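Reader: Could you take me through this structure, from the way its helices pack to the surroundings of its ligand? I would like each answer to show its reasoning before it gives the value or name.

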Amino acid sequence: MTIHAANFRELRLDRLCRDFGSHNAVKDVSLTIGKGEFIALLGPSGCGKSTTLNLIAGLLPATGGGIWLDDRRIDPLRPEERGFGMVFQNYALFPHMNVRKNIGFGLKMRGVARAEIDRRVDEAAALVRLQSQVEKLPGQLSGGQQQRVAIARAIVVEPPLVLMDEPLSNLDAKLRLEMRAEIRRIHNALGATTIYVTHDQEEALSLADRIVVMRDGAVRQVGTPEDLFARPEHLDVAEFMGFRNKVAGTVAAVSGDEVTVTIGDASLRGRLREPVSVGAPCWVAIRPEDLHMAASGQGGLEAEAVSTEFRGREFVGFARMADGTDLSFMAADRIEPGAKVALAAEPDRVLVFGGGR
Ligand code: ATP
């Protein structure tokens with residue numbers, strides 16, 4: 001294969017900012033991305049992911065900070081001068097051009113010779129497994145095939161960086177899973193460097209080498225999928241990563257990173273994620289998958305069962321504590337609404353953060 005990613009060492013965002021009037025959509029974002037990495041920008045709607053990607057692409061000017069590709073400052077450059085490949089949610093294919101012409105468009109604009117365009121288009125089409133479709137118009141293709149054309153068009157110019165903004169969100173669930181695997185396969189095959197915007201934590205966890213979690217325009221945490229999954233550094237990151245049970249408590253004892261928290265009449269052991277002092281209020285975060293009915297005499301959080309949902313292998317139970325806190329947990333059987341339950345989790349799966357009410 002001769003299509004490959006352009007050479008560079010790293011892309012560096014240095015205190016990048018973008019204001020819209022008085023609204024700071026991107027605040028002091030600093031990040032270094034190495035060649036070959038697959039980076040996911042992850043966060044809830046409005047957190048500034050797309051704005052950050054558009055700043056990197058050059059579609060929006062920054063209002064502060066800079067962007068560097070190795071030793072070259074690139075934020076003053078126009079998008080076409082940066083030469084990054086871009087793939088968006090809505091494909092943005094030319095409807096009157098067939099697949100071959102759509103894929104080859106960028107090469108033609110760059111004045112590449114016809115024979116070279118044909119060769120590279122054939123290769124890119126093969127890479128996205130569309131060899132047999134190149135004479136078709138976009139309207140004759142499925143959504144997944146159109147997205148493959150958009151990917152081929154982005155990579156055929158051999159860009160240093162491929163930027164993707166929620167590229168799978170218009171596809172149905174099954175196709176999304178297939179294309180997810182395809183995107184990672186293509187990234188590996190090319191030795192590409194990819195920055196991928198998503199609000200879907202599962203997508204980020206399964207695709208990325210490193211995840212950048214954003215909130216309110218700022219970077220909250222950068223880490224490997226394993227890191228973010230098991231060791232979120234802030235309560236909001238934990239909640240976003242699936243620690244859906246958030247319970248207010250009081251710190252009873254701290255020893256190293258082991259902490260004991262009092263919640264009502266119960267006491268729960270967990271791992272410290274932020275500094276706390278004994279006697280101070282705190283938050284406890286637990287994934288529903290890690291919260292189970294406690295064995296009798298084991299203690300645990302006391303709550304009243306509200307409902308149970310069947311999920312195939314097991315049940316998910318919903319319960320409410322006396323102070324109104326809702327809990328989701330795993331159950332082996334249906335539980336009668338109104339039944340008293342006591343819920344517990346392994347200390348390693350209980351994260352304790354500062355603050356609280
Ligand atoms: P989503 O997943 O919903 O696209 P996002 O994390 O990508 O969200 P951005 O699109 O980057 O978020 O938007 C960040 C913030 O900046 C939002 O509050 C948004 O309303 C605001 N914003 C984005 N573009 C503009 C604009 N052109 N003018 C004014 N405000 C904007």
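Author: One convention is needed at the start: angles under 35 degrees between axes count as roughly parallel, those over 145 as roughly antiparallel, those from 65 to 115 as roughly perpendicular, and the rest as oblique. Please keep in mind throughout that this is a predicted model.

Reader: What is the relation of α5 and α6 to each other?

Author: Helix α5 and helix α6, the latter made of residues 173-190, pack with their axes 11 Å apart and at an angle of about 20 degrees. Their crossing is right-handed. Since angles under 35 degrees count as roughly parallel, α5 and α6 are therefore roughly parallel.

Reader: How is α3 placed relative to α5, roughly parallel or oblique?

Author: The axes of α3 and α5 lie 7 Å apart, and the two helices, whose crossing is right-handed, pack at an angle of about 30 degrees. That angle makes the relation of α3 to α5 roughly parallel.

Reader: Which term describes α3 with respect to α4?

Author: Helix α3, residues 99-109, packs against helix α4, residues 114-127, at an angle of about 125 degrees, and their axes are 9 Å apart. Because of that angle, the term for α3 with respect to α4 is oblique. As for the handedness, α3 passes α4 in a crossing that is right-handed.

Reader: Where is the residue E158, whose phi is positive?

Author: E158 is a residue other than glycine, and its phi is nevertheless positive, near 55 degrees. Its place in the chain is the loop that runs between α5 (143-155) and β7 (162-165).

Reader: In which strand does R15 lie, and what is its phi?

Author: R15 belongs to strand β1, which covers residues 10-20. Although R15 is not a glycine, its phi is positive, at about 45 degrees.

Reader: Turning to the ligand, which element gives the largest share of the shell around it?

Author: The residues that surround the ligand include F20, H23, A25, K49, S50, T51 and E166. Two elements, β2 (23-34) and α1 (49-57), each supply at least two residues of this shell. The largest share, three residues, comes from α1.

Reader: How many residues of the shell are nonpolar, polar and charged?

Author: The shell also holds P44, S45, G46, C47 and G48. Glycine is counted among the polar residues here. By class, the shell consists of two charged, four nonpolar and six polar residues.

Reader: What part of the exposed area of the ligand does the protein bury?

Author: Among the polar atoms that approach the ligand, a side-chain atom of S45 lies 2.6 Å from a ligand oxygen. Polar backbone atoms are found there too, that of G46 at 2.7 Å from an oxygen of the ligand and that of C47 at 3.0 Å from a ligand oxygen. Taken alone the ligand exposes 630 Å², and the part of this that the protein buries is 57%.

Definitions and conventions. Residues numbered from 1 in each chain as written. Predicted model: local features only at pLDDT ≥ 70, side-chain atom pairs only at ≥ 80, totals over all residues. Heavy atoms only, no water. Near = heavy atom within 4 Å. Polar contact = N/O pair within 3.5 Å; in protein donor to acceptor, adjacent residues only side chain to side chain. Areas by Shrake-Rupley, 256 points an atom, 1.4 Å probe, with all protein chains shown as cover. Helix = DSSP H or I, 4+ residues; strand = E, 2+ residues; numbered from the N terminus. Axes fitted to C-alpha atoms, helices over the stretch in contact; angles between N-to-C directions. Left-handed = near helix turned anticlockwise from the far one by under 90°.
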